[in-house]
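Got the structure open in your viewer? Good. Let's walk through it one selection at a time.

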Amino acid sequence: MIRKMFTCIQKTVHALADLCFPPRCLNCGKAINESSFLFCEGCRDKITLISHPYCPCCGIPFPAGENHLCGVCLKKKWYFDKARSIITYNKTAAKAIMGLKFGGRKAGLQTFSKLKEQSSPCEDLVIPDCIIAVPLHENRLKNRGYNQSLLLAGVFYPGKRHIIKKTIIQRSRDTIPQTGLDGISRRKNMKNAFVVKNNRDVF
């Protein structure tokens, strides 16, 4: 009974919020009818969900065939078991992501959560022992007001907030933004940028 009342109140609050602050598309800014998925019909068609086939290691999609290791993963030893992406990165996706990361558009979090629910590559992810969001340097956190990685971890795993660890890894230096850097420059930029606060938390 209490749960039904809470759900009803929640829907009413969302409806009032949509009435007072009409939801807009994360890409083009066009007014839309609902706030649970912030892409208009035209921009929704520009979002490509990653699906089979893909590399079971790095998650890169293939145009056809079955899931198999890509050429890079056959040759290179990574320090992770699986990497997964939800959507293909294009201008439409980039604008939505940059809006969350730099524009304060936290309203898009629920949209990203819905995209993750529809993502085939995420189906084979197991629930980990802990979830660690990439931390921001304290200077950037003060300017931005929030860590978008931590927010995404919360909406991607809503029932697992107790295993989301906020302080295991810390940013040891304030790096320059990764936007505009190539792969090699990004890796150099991130080198020695993080430290484990307490080794007993991860070993």
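Which residues are buried in α5? Select the helix, which spans residues 109–117, and colour by accessibility. L109, T111, F112, S113, L115 and K116 are the buried ones. An α-helix has 3.6 residues a turn, so residues three or four places apart point the same way. Now show what surrounds this helix: the cover over the buried residues of α5 includes α4 and α7. You can find α4 at residues 91–102 and α7 at residues 148–156. Keep in mind as you click around that this is a predicted model.

**Zoom out for a moment**

Switch to a cartoon view of the whole protein. You should be able to pick out 8 helices and 4 strands. Going from the N terminus, the elements come in the order α-α-α-α-α-β-α-α-β-β-α-β. The chain has 203 residues, and 30% of them count as buried. If you turn on a surface, you are looking at about 14,000 Å² of exposed area, with 57% of it supplied by carbon and sulfur atoms. What about contacts along the chain? Among those with a separation of 6 or more, 55% are between residues 24 or more positions apart.

**Stop one: L26**

Select L26, which sits in the loop between α1 (2–20) and α2 (41–44). Is L26 buried or exposed? Its relative accessibility is 6%, so L26 counts as buried. Show everything around L26 and, leaving aside neighbours within four places in sequence, you'll find contacts with L38, F39, K95, A96, R105, G108 and T111. T111 may ring a bell: it is one of the buried residues of α5. While you're here, try a distance between C-alpha atoms: L26 and C40 are 14 residues apart along the chain, and their C-alpha atoms are separated by 8.3 Å.

**Stop two: the salt bridges**

How many salt bridges does the structure hold? There are 2.

Start with R84 and D124, whose closest N and O atoms are 3.1 Å apart. This pair links distant parts of the chain, 40 residues apart: R84 is in the loop between α3 (71–75) and α4, while D124 is in the loop between α5 and β1. The two partners differ in their cover: R84 is buried because its relative accessible area is 17%, under the 20% cut-off, whereas D124, at 29%, is partly exposed.

Next, select R140 and D174, with their closest N and O atoms 3.4 Å apart. Here too, distant parts of the chain are linked: R140 belongs to helix α6 (residues 138–144), D174 lies in the loop between β3 (169–171) and α8, and 34 residues separate them. D174 has a relative accessibility of 37%, so D174 counts as partly exposed.

**Stop three: around α8**

Move along to α8, residues 183–190. At the N-terminal end of α8, look for the cap: D182 puts a side-chain oxygen 3.4 Å from the backbone nitrogen of I184. After α8 comes N192, which has a positive phi, near 60 degrees.

Within α8 itself, select N189. With 9% relative accessibility, N189 counts as buried. Which side chain does N189 join through a polar contact of 2.8 Å? The partner is Q178. Beyond neighbours within four places in sequence, N189 is in contact with R173, T175, I176, Q178 and L181.

**Stop four: rings**

Searching the whole structure turns up 2 aromatic pairs. One to look at is W78 with F80: the ring centres are 5.5 Å apart and the planes are at 25 degrees, so this pair is stacked. Both residues count as partly exposed, W78 at 27% relative accessibility and F80 at 32%.

**Last stop: a patch on the surface**

Turn the surface back on and select I132, V196 and V202. Together they form a nonpolar patch with about 190 Å² of accessible area. I132 is in strand β1, residues 131–132. At 32% relative accessibility, I132 counts as partly exposed.

Terms used. Residues numbered from 1 in each chain as written. Predicted model: local features only at pLDDT ≥ 70, side-chain atom pairs only at ≥ 80, totals over all residues. Heavy atoms only, no water. Patch = residues over 30% accessible without salt bridge, like charges linked within 9 Å, V, L, I, M, F, W, Y side chains within 5 Å. Areas by Shrake-Rupley, 256 points an atom, 1.4 Å probe, with all protein chains shown as cover. Salt bridge = Lys/Arg side-chain N within 4 Å of Asp/Glu carboxyl O. Helix = DSSP H or I, 4+ residues; strand = E, 2+ residues; numbered from the N terminus. Buried < 20%, exposed > 50% of the residue type's maximum accessible area, 1.4 Å probe, protein only. Polar contact = N/O pair within 3.5 Å; in protein donor to acceptor, adjacent residues only side chain to side chain. Contact = heavy atoms within 4.5 Å. Phe/Tyr/Trp six-rings, centres within 6.5 Å; stacked < 30°, edge-to-face > 60°.
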